[in-house]
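Let's take a walk through this model together, starting at the surface and working inward. Keep the viewer open as you read.

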Amino acid sequence: MMLSPWDRWFSTSCCLCCHVRTGTIILGVWYMLINAVVLLILLTALSDPEQYHLTSAELANDLDVMDDASMCIASAISVLMILICGMAAYGAYKLHPAWIIPFFCYQIFDFALNTLVAISVVVYPNTIQDYLQQLPDNFPYKEEIAALSNICLALIVLIFIGSILFFKAYLIACVWNCYRYVNGRGSEVLLYVTTNDTTVLLPPYDDSVSIPIKQAPPPYTTATA
């Protein structure tokens, strides 16, 4: 029996210790907390702009790093992310697969952006030095980092971004496996097979998949005297 690549990589466990439903709920709640903290910081900065308004004077620039309009947009994005993460956690808990899709799409979009950053580092390694020149003078180890060659800086950045991409890909796989599991549980139907004298209840899909496939019996041969 041939298995498709999706079925071959399908697993109901993640992080070697918990179920994909539990992992998706924890991931959704974690993202909710992060975005809630970001939203709280943005709202605090909007309520008291004199104290928290960040300008780029330290960067030898007369332009504001983030004006009020940008902070309002960032706040709206944080609220949207809290809603999406909450939907994912609720969908995994209540077995509603459609509620997990927005969070899964966000993960794909975030992974694509990080991949584009890695590609830009490979294509334009000199941009790292330009970025370092824009950092403030009191940035830790700025001179030591700027003294490195472009190839060395690009290699360090690629290793760092590659590690992040690998971790994000694993989280994407966990959420996708959770969606498949929840979708399978939601569409699970108990089937009864009735014969003349017996009634058999077929097992659920997950239980039947976990049963190892038995080999076919050897062909019968005609006994000769």
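Which residues make a nonpolar surface patch of about 790 Å²? Please bear in mind that you are looking at a predicted model. The patch is built by F109, L113, L116, I119, V122, V123, Y124 and L158. Helix α5 supplies the largest share of the patch, 6 residues. One residue to pick out if you want to find your bearings is V123, which is found in helix α5.

From the surface, let's move inside. In soluble globular proteins, nonpolar side chains tend to be buried together. Here the largest nonpolar core has 20 residues, and those with the most contacts inside it are L27, I100, F103, V175 and C178. Four elements give two or more residues to this core: α2 (20–47), α4 (68–94), α5 (101–123) and α8 (150–186). Of these, α8 gives the most, with 7 residues. To see how one core member is surrounded, try centring the view on C178. Leaving aside its neighbours within four places in sequence, C178 is in contact with V20, R21, T24, A92 and I100. Apart from this core lies another one, of 9 residues, including A118, I128, L132 and L153.

Next, the aromatic rings. A search of the whole structure finds 6 aromatic pairs. A pair of aromatic rings is described by the distance of the centres and the angle of the planes. Y31 and F103 form an edge-to-face pair, with 5.5 Å centre to centre and 80 degrees between the planes. This pair links distant parts of the chain, since Y31 is in helix α2 and F103 is in helix α5, 72 residues apart. How covered are the two partners, Y31 and F103? Y31 counts as buried because its relative accessibility is 16%, under the 20% limit for that class. F103 is buried too, with a relative accessible area of 0%.

Y31 has another ring partner: with Y106 it forms an edge-to-face pair, 6.0 Å centre to centre and 80 degrees between the planes. Y31 lies in helix α2 and Y106 in helix α5, so the pair ties together parts that are 75 residues apart in sequence. Y106 has a relative accessible area of 22%, so Y106 is partly exposed. Put the ring pairs together and Y31, F103 and Y106 are linked into a cluster.

Two further places deserve a stop before we finish. The backbone offers one of them at L95, where phi is near 60 degrees, a positive value in a residue other than glycine. Where does L95 sit? L95 is found in the loop between α4 and α5, and at 26% relative accessibility it counts as partly exposed.

The other stop is Y170, found in helix α8. Y170 is partly exposed, with a relative accessible area of 34%. Try displaying its C-alpha atom together with that of C14: the two residues are 156 residues apart along the chain, and their C-alpha atoms are separated by 8.9 Å.

Methods: Residues are numbered from 1 along each chain as its sequence is written. This is a predicted model: local features need pLDDT of at least 70, side-chain atom pairs count only at pLDDT 80 or more; totals for chains, interfaces and linings use all residues. Side-chain values use heavy atoms; hydrogens and water are left out. A nonpolar core is a set of buried Ala, Val, Leu, Ile, Met, Phe, Trp, Tyr and Cys residues joined through side-chain atoms within 4.5 Å. Buried means under 20% relative accessible area, exposed over 50%, partly exposed in between (1.4 Å probe, protein chains only). Contact means heavy atoms within 4.5 Å. Rings of Phe, Tyr and Trp (its six-membered ring) pair if their centres lie within 6.5 Å; planes under 30 degrees apart count as stacked, over 60 as edge-to-face and the rest as tilted. Patches are made of residues with over 30% relative accessible area and no salt bridge: like charges are joined within 9 Å, nonpolar side chains (Val, Leu, Ile, Met, Phe, Trp, Tyr) within 5 Å. Accessible areas come from the Shrake-Rupley method with a 1.4 Å probe; for residues, only the protein chains shown count as cover. A salt bridge is a side-chain nitrogen of Lys or Arg within 4 Å of a carboxyl oxygen of Asp or Glu.
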